[in-house]
Amino acid sequence: MKFTTQLAAGVALSLLASAAFAYDADWKRGRVYYRSVCTSCHAVQPVGTINPSSKTKAEWAAYLKADKHAKGKDTVKQYVSKAYRASIKSGNKAAEKFAAVPDQELLDDVAAFLTKGAKDGDAPASCN
Amino acid sequence: MRHALIRAALLLCSAGWLVTAGPVLAEESQPEPKPLKLTTTADHTKFKELQQTFNSGPEVTKACLRCHTEAAGQIHRTKHWKWEYLNPETKQTLGKKTVVNNFCISIASNYASCTSCHVGYGWKDASFDFASEENVDCLACHDTTGNYKKPPGFAGNPVVKDTEFPPGSGKIIKGIDLTKIAQKVGKSSRDTCGACHFNGGGGDGVKHGDMDSSLAAPTKDIDVHMDAEGLDFTCGTCHKTSSHDVAGSRYTPTAKDSKGAHVRGKADNGNPATCVACHGNGPHKSVARLNQHATKIACQTCHIPTYARGGIATKMTWDWSTAGQRDAEGKHIVKKDAKGRIVYESRKGDFTLAENVKPEYAWFNGNVQYTLLTDKIEKSEQRTPINKMGGSPSDGKSMIWPMKVFRGSQPYDPVNKTLITPHTAGNDDTGFWKNLDWDKAIPVGMKDSGAPYSGKFDFIKTEMSWPITHMVAPKDKALGCAECHSKQSRLAGIQGIYIPVRDNNKLLDTIGWSIVFLTMLGVFGHGAIRIVSSRKH
C-alpha cells in the first residue's frame, strides 16, 4: 500500500514536471502542414480533400488516437514523421521547411489545428 | 526512513524519465531537444499578473500595462487608435472617424458595429474616452490563439459569456476565454492584422481585393512574400512598426519611392513598406531594360497581374439604391449566385463580385483627395469620386499604378448637395439594416455626423480607387511584354506616354522601320561585298 502510494505520488509529480516542459502546440504550423501535405495529397487521391470542419473535436481526437490512416492500411503518424517528410521534401515545400521538426511536435501541431478547425471548434476551417 | 526517502527519490526520477523521455526513445534513437519557443522571449503563462480570471478586455489591458507601462501611451498616438489623420498635403482631416466610402458608407452613428475593428474597448458613441489607457485593446494585435474575436455590435468589446445577439434572434455568440488568450500573447501576425484588414467593407475580401483570408497562410502563387511554406512574411515584415505605430498609409501612400533600398543606420529612410525599401530602384539584374520601365511603372503593375487570386471573391459594385425590398410576406430578401455568394440583400442592395480581377491602371503620385461630408457634389453622368487619385505623366512624381476601382450608388442629399451618412447598423428602430427605412435612418445618421440634412435624398453614382499592392505573384507569373505592348494593352487608358505597339505614330514608325531596313541592307550588303571580293582573290 505504502509502495503504491509512493509510486502514484511519483508519477503525479513527474507528470507535473513534464507539464512544465510540455510542448505548446503551434496550430498555425499545423495549418500549413495539413493543407500543404495532407490536403495536397488527398486532393489527387480518390478520397478527396477532408475539411477540418467535417468532424467534431471528439471525432478528430478519436481518429488521431486510433492512428489508422486509409481505414487502417497504414498510420497517421507515419505521414507526419521525419522519414516521410524526407521522402517528399524534394517536391513539397512544407515537408522541406519542417523537415527537422520533431515528429510528436508536428503531430501535436496538426492535432491543434484540427481541434481548432473542427465542426465544433473555435474556428471551423476548410481545406483552403 | 532513509530507505523510504531513497526509494521515493528513485521512483520520482524513474517515473519522470519514463513520462518525459519514454515516447521519444520508443520512436527514435536520438532524443529530441526540449521544445523551445523561438517566436517570443517570454512565456506569458508564467506571469502571475495573467493567472487570473478576466471578465472584460480592460481587465486584461490593466494586467498588460503592469509590465508594458508605455504601450498604451504609444498606441494613443497612432491611426489605429485615433481613426483620425490630418493629411499634411491636402490639409484634409481623414481617418475612419471622418471619411465616407461607398461600401458601408460611414462609421458615424454605427460605432457599436464598426468599432469591433478598433484597437480599443467601448467606443459606442462620440463620447468615447480616447485618453483611457485601459480601453486600449492589446489582444486585437497580440493574440496568437486565433480565438480572440470582437463581434460587431459590442462596441469593440469581446464577448466572454454565451450571448444571444441580436436579442431575441435565437443566435448565440459563444463566449471566449480571455485568460487563455491573454496567457498566449505574442507578436502580431497575418491572422491578427487580417482579422480586420481582410474583412474590410463587411466581409472576407470585400473591400481591398488584394487582401483576404487567403493571405492568412498563402501559397507562393498567391503571395510570393507571405508564402507560408517559403518566405513566410508577416504583415509587420514590410509594415515595420515603431513604438506601436505601423508604417504605411492608405491616405498618403508612397507612389514613387526614389530613396532606394533601406540601409541600417541611414537617416530618413522613408516608408519601409514600399517594394523599393528592400529591392532598391534597379531590381532587375538580368534584363536592364526592365529597370527603365521601373522609372515610370510601379512594381505592382507588372508583379500583381490580377487581384482576388486566393479563391475569395471581392466586391466590384454595390448599388444601395435597390436596398429595402421585401418579399411577399414582408421579410428581408437574400439572393445568391450559382457559387453561393450573396448578390442581393434587402439591407444593402445589389452587389457584383469577381475573382482573378485584372486591375485598372492610372498615373498616381500619392496624393489622394477625399470627398467628405462637407464637400459639395453634383449629380451627373460622371461618377462622383469618393477619392480622387492625383497623378499625371509629367509631374515627375507619378507612376503607373494598378487600382481596384469600386463603383456604386449611394444616398446623397440633392438639396444640400452632399453625401449622406445613414444609420445602418444597430438593433433599434432607426437602423436601416433592421427596418429598411431610409427616412428614419438618414436623419439619425446625419445628426450623429453633425451634418445638415434637407430631408430629401436621392442616389448618386460614385467610384472609389484602391491602389493594389498585395498578392505579389512569383516572377514567372509577372506580366509579359505583350500584356501592355499590344493593341489590347492593359494600359489602353494610360495617356501621356508612348508605348510601342499599343501606340501608332506614322512618322516614328516610318523612321524606325527605315533604320531597321537600312541596317539590314548595310549588314547584307557588307556581307555580299566580302563574299564577292574573296572570290576574286
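This report walks through a predicted model of a complex, with most attention on chain B.

## How confident the prediction is

The predictor gives the complex an ipTM of 0.78 and a pTM of 0.86. For chain B the mean pLDDT is 92, and 94% of its residues reach 70 or more. One stretch calls for care: over residues 8-28 of chain B the pLDDT is below 50, although this stretch has 25 contacts in the model beyond near neighbours in sequence. Where pLDDT is low, the predicted coordinates should not be read in detail.

## Chain B at a glance

Chain B has 537 residues, of which 35% count as buried. Its secondary structure consists of 15 helices and 17 strands, and its C-alpha atoms fill a box of roughly 120 × 80 × 50 Å along the principal axes. Among contacts between residues at least 6 apart in sequence, 65% join residues at least 24 apart.

The chain is divided into domain 1 (39-242), domain 2 (314-483) and domain 3 (504-537). Taken over C-alpha atoms, the centres of domain 1 and domain 3 of chain B are separated by 68 Å.

## The largest nonpolar core

The largest nonpolar core holds 66 residues, and those touching the most other members are Ala362(B), Phe364(B), Met399(B), Ile400(B) and Trp401(B). Elements of chain B that give two or more residues to this core include strand S11 (360-364), strand S12 (368-370), helix H13 (432-435) and strand S17 (458-467). The biggest share, six residues, comes from S15(B). Because domain 1 (39-242) and domain 2 (314-483) of chain B both give residues to this core, it lies between them.

Ile400(B) makes a good place to start looking. Leaving aside neighbours within four places in sequence, Ile400(B) is in contact with Lys296(B), Ile297(B), Ala298(B), Thr301(B), Tyr361(B), Trp363(B), Leu491(B) and Ile494(B). Apart from the largest core lies another one, of 22 residues, and its members include Tyr33(A), Val110(A), Ala118(A) and Ala217(B).

## Two helices to look at

In chain B, helix H14 has 12 residues, which at 1.5 Å a residue should span 16 Å; the end C-alpha atoms are 16 Å apart, so the two values agree. Its buried residues are Ala441(B), Ile442(B), Val444(B), Gly445(B), Met446(B) and Ser449(B), and the buried residues of H14(B) pack against S15 and H13 of chain B. Just after the helix comes Gly450(B), with a positive phi near 70°.

In chain A, helix H2 (residues 27-44) has 18 residues and reaches 25 Å from its first C-alpha to its last, close to the 26 Å expected. H2(A) has a kink of about 30°, centred on Tyr34(A). Tyr34(A) is itself buried, as are other residues of H2(A), among them Trp27(A), Tyr33(A), Val37(A) and Cys38(A). The buried residues of H2(A) pack against helix H5 (93-97) and helix H6 (103-117) of chain A.

## A closer look at Thr179(B)

Thr179(B) is found in helix H7 (residues 178-182) of chain B. It has 19 C-beta neighbours inside 10 Å, and because a buried residue needs 20 or more, Thr179(B) counts as partly exposed.

Beyond neighbours within four places in sequence, Thr179(B) is in contact with Gln52(B), Thr53(B) and Phe54(B). Gln292(B), by comparison, is 113 residues away from Thr179(B) in sequence and 55 Å away in space, C-alpha to C-alpha.

Terms used: Residues are numbered from 1 along each chain as its sequence is written. Chains are lettered from A and ligands numbered from 1 in the order in which they are written. This is a predicted model: local features need pLDDT of at least 70, side-chain atom pairs count only at pLDDT 80 or more; totals for chains, interfaces and linings use all residues. A nonpolar core is a set of buried Ala, Val, Leu, Ile, Met, Phe, Trp, Tyr and Cys residues joined through C-beta atoms within 7 Å. A residue is buried if 20 or more other C-beta atoms lie within 10 Å of its own, exposed if 12 or fewer, and partly exposed in between; C-beta atoms are placed from the backbone. Helices (H or I, at least four residues) and strands (E, at least two) are DSSP runs, numbered from the N terminus. Domain bounds come from an automatic or database domain assignment. Two residues are in contact if their C-beta atoms, placed from the backbone, lie within 7 Å. The expected span of a helix is 1.5 Å times one less than its number of residues. pLDDT is the predictor's confidence in each residue, from 0 to 100. The bend at a residue is the angle between axes fitted to the seven residues ending there and the seven starting there.
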